[in-house]
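Below are some notes on the model, set out as numbered points. They cover pockets, helix packing and one loop.

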Amino acid sequence: MTKTAERQPPAAAAVPRATAPSPARDRGRRRLVDQARAYAFLLGGLLCFALFSWYPAIRAVVIAFQKYTPGSPPQWVGTANFTRVLHDPEFTAAWRNTFYFTLIALLVGFAAPFLLALVLNELRHAKAFFRVVVYLPVMIPPVVSALLWKWFYDPGAGLANEALGFLHLPTSNWSNGTDTALLSLVIVATWANMGGTVLIYLAALQSIPGELYEAAELDGAGLLQRIRHITIPQTRFVILMLMLLQIIATMQVFTEPFVITGGGPESATVTVLYLIYKYAFLYNDFGGACALSVMLLLLLGAFSAVYLRLTRSEGDTA
């Protein structure tokens, strides 16, 4: 062996290199941190929903199958609450009044906001002012609005009959008549809630391209033809969505019959929600009230499923 070979130092041991962090791993870690931070912010809202919405709903379903009286242990009775509620004479009247209210609200309260939105869309001046005027009833508390209309409908000194008498027209019993009470409540509900609907329609109308109307005018189309062939087809999705939402809302009517008519006269304005109130707080029958609530929940759940299905389909096609 040569001296050069003897003096050559031994080869250094191989030192493993530190592997560089993977960009994909870093992105995944950052995503987890961001999601954890977002859920931490949402935790307060989720707890509020769980405590004040989800738990009462689940508890109501359980009580619907129990004999529940405050101060005594609940007893499991199966479907006895549903059977008792179904045989209540007011049960049929409540559902009939609720469906009639919903139907009249669709005929009166659904067309009026759309027509009003068409008028506001055609205005050239003071648009902002009239939008505020239309939306003002929504900002009035529902109970205050109902009390104002109760005075307005008063058959003695109410403003409605005073105005009719001034015009030499026949007066009406309004909310005190069995034939007119339900229609009177529909007018109140329509006036109090149509402001938001009008603004939604107005936004949908303003999203329609103006070229379509200009082309229709050049072809000689009149106002009704433009509404029929352009306005309604272009806003049909919004119309359908608001119709379903109005059905869900009007089937839960409570404030107007509770404040203005008290369910009368002769149970002419007793609705399902008002009957639930009577079972719970007048009859002290929480099992029957929850049984009625479950029935209403199933019906409204069906409409909500249709609404979610349609909105999802529209989102997929967009």
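1. Helices here are DSSP runs of H or I with at least four residues, numbered from the N terminus. The term matters for the largest pocket, since α9 supplies the largest share of its lining, eight residues. The model is predicted.

2. The largest pocket holds about 540 Å³ of space. Its lining comprises 28 residues, and those nearest the centre are Ala189, Thr190, Asn193, Ala249 and Thr250. At least two lining residues come from each of α4 (89–109), α6 (127–139), α7 (142–152), α9 (181–206), α12 (236–250) and α13 (255–261).

3. What is the make-up of the lining of the largest pocket by class? There are 18 nonpolar residues, nine polar ones and one charged residue in this lining.

4. For the second largest pocket, the space is about 390 Å³. Asn121, Glu122, Arg124, Tyr213 and Arg226 are the closest to its centre among the 18 residues that line this pocket. By class, the lining of the second largest pocket has eight nonpolar, four polar and six charged residues.

5. Which helix gives the largest share of the lining of the second largest pocket? That helix is α5, with five residues. Each of α5 (111–122), α9, α10 (210–218) and α11 (223–234) supplies at least two residues of this lining. α9 thus appears in the lists for both pockets.

6. A pair of packed helices is described by the angle between the two axes and by the distance between them. For α5 and α6, the angle is about 160° and the axes are 9 Å apart. Angles over 145 degrees count as roughly antiparallel, and α5 and α6 are therefore roughly antiparallel to each other. The crossing of α5 past α6 is right-handed.

7. Which residues make the contact between α5 and α6? From α5 come Leu116, Leu120 and Asn121, and they meet Lys127, Phe130 and Val134 of α6. Sorted by class, this contact of α5 with α6 has four nonpolar residues, one polar and one charged. Asn121 of α5 is also one of the residues closest to the centre of the second largest pocket.

8. α10 and α11 pack with their axes 10 Å apart, at an angle of about 165°. By the cut-off given above, α10 and α11 are therefore roughly antiparallel to each other. α10 passes α11 in a right-handed crossing.

9. In the contact between α10 and α11, Leu212, Tyr213, Ala216 and Glu217 of α10 meet Arg226, Ile230, Thr231 and Gln234 of α11. Four nonpolar, two polar and two charged residues make up this contact. Tyr213 and Arg226 are also among the residues closest to the centre of the second largest pocket.

10. The loop between α13 and α14 (272–282) contains Pro265. Is the peptide bond from Gly264 to Pro265 cis or trans? The bond is cis, and its omega is near -5°. Most peptide bonds are trans, and most residues other than glycine have a negative phi.

11. Glu266 also lies in the loop between α13 and α14. Phi of Glu266 is near 55°, which is a positive value in a residue other than glycine. Please look at the backbone of this loop at Pro265 and Glu266 when reading the model.

Definitions and conventions:
Residues are numbered from 1 along each chain as its sequence is written. This is a predicted model: local features need pLDDT of at least 70, side-chain atom pairs count only at pLDDT 80 or more; totals for chains, interfaces and linings use all residues. Side-chain values use heavy atoms; hydrogens and water are left out. On a 1 Å grid over the protein atoms alone, a cavity is a set of points where a 1.4 Å probe fits but cannot get out, and a pocket is an open set with protein on both sides within 12 Å along at least five of seven lines; lining residues have an atom within 4 Å of a point. Grid points are joined across faces, edges and corners, and a volume is the space filled by probe spheres set on the points. Ala, Val, Leu, Ile, Met, Phe, Trp, Tyr, Cys and Pro count as nonpolar, Asp, Glu, Lys and Arg as charged, and the others, Gly among them, as polar. Axes are lines fitted to C-alpha atoms, for helices over the stretch in contact, and angles run from 0 to 180 degrees between N-to-C directions. Angles under 35 degrees count as roughly parallel, over 145 as roughly antiparallel, 65 to 115 as roughly perpendicular and the rest as oblique. A crossing is left-handed if the near helix is turned anticlockwise from the far one by less than a right angle, and right-handed if clockwise. Contact means heavy atoms within 4.5 Å.
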